[in-house]
Amino acid sequence: MWNRTRITNCLPIVCLLLTLWTKVSQSTGYFELQLISVENVNGELADGECCDGPRSPQDRRCTRDECDTYLKVCLKEYQMVVTTTGACTFGAGSTQVLGGNRFSLTTKNNLNKIDDAGKIVIPFQFAWLVSELL
């Protein structure tokens, strides 16, 4: 049977175990990104190439069809120099094709209302990384 002395003697051990156990805390939630508008005046990809076809020989502009614009998000750990390669450590998401070289996702009747087509929601559940001070 548990008595007062036995509980008092075990209390410091229980507190120590709970302190050691709480080194890592769990986190759940979501990362949400909402695209409002896009303007790709030259109709170029990120690497400078035209979306569809070659450049015009006269003015060096992209001549063919507009770009098929979509949004892709990759959540990684902090990087001093950002790279577009490698694993998406904390999640990834993308939209469908949203439009061409220029478009806005606000509604014409209400400029404060934004179409959900440009929204990406990435749920996450992971333990926060802890660095110990010595």
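The exercises below deal with confidence, disulfides and the nonpolar core in a predicted model.

**Exercise 1.** Which elements of the protein chain have the lowest and the highest mean pLDDT?

Solution. Start with the whole chain: its pLDDT averages 78, and 73% of the residues score at least 70. Then go to the elements. Helix H1 (residues 4-21) has the lowest mean, 67. Strand E4 (residues 91-94) has the highest, 90.

**Exercise 2.** Find the disulfides of the structure and state which cysteines are paired.

Solution. A disulfide is a covalent bond between the sulfur atoms of two cysteines. A search of the whole structure gives three of them.

- Step 1. Cys50 is joined to Cys62, with an S to S distance of 2.1 Å. Both cysteines lie in the loop between E2 and E3, so the bond ties together parts that are 12 residues apart in sequence.
- Step 2. Cys51 and Cys67 form another disulfide, with their sulfur atoms 1.7 Å apart. Both lie in the loop between E2 and E3, so this pair ties together parts 16 residues apart in sequence.
- Step 3. Cys74 is bonded to Cys88, S to S 2.1 Å. Cys74 is in strand E3 and Cys88 in the loop between E3 and E4, 14 residues apart.
- Step 4. Number the bonded cysteines in sequence order; the pairing reads 1-3, 2-4, 5-6.

**Exercise 3.** Decide for each disulfide whether it is left-handed or right-handed.

Solution. Read the torsion about each S-S bond. For Cys50 and Cys62 it is -90°, and the link is left-handed. For Cys51 and Cys67 it is about 75°, so that disulfide is right-handed. For Cys74 and Cys88 it is -120°, and the link is left-handed.

**Exercise 4.** Is Cys50 buried or partly exposed, and what of Cys62?

Solution. The cut-off for buried is under 20% relative accessible area. Cys50 has 9% and is therefore buried. Cys62 has 22% and is therefore partly exposed.

**Exercise 5.** Place Val38 in the structure and list what it touches.

Solution.

- Step 1. Val38 lies in strand E2 (residues 37-39).
- Step 2. Its relative accessibility is 19%, so Val38 counts as buried.
- Step 3. Val38 belongs to the largest nonpolar core, which has 10 residues in all, including Leu98 and Phe103. Strands E3 (72-75) and E6 (119-127) each supply at least two residues of this core.
- Step 4. Leaving aside neighbours within four places in sequence, Val38 contacts Thr69, Asn101, Arg102 and Phe103.
- Step 5. Gly100 is 62 residues from Val38 along the chain, yet their C-alpha atoms are separated by 8.7 Å.

Methods
Residues numbered from 1 in each chain as written. Predicted model: local features only at pLDDT ≥ 70, side-chain atom pairs only at ≥ 80, totals over all residues. Heavy atoms only, no water. Core = buried A, V, L, I, M, F, W, Y, C linked by side-chain atoms within 4.5 Å. Buried < 20%, exposed > 50% of the residue type's maximum accessible area, 1.4 Å probe, protein only. Helix = DSSP H or I, 4+ residues; strand = E, 2+ residues; numbered from the N terminus. Contact = heavy atoms within 4.5 Å. pLDDT = per-residue confidence, 0-100. Disulfide = S-S within 2.5 Å.
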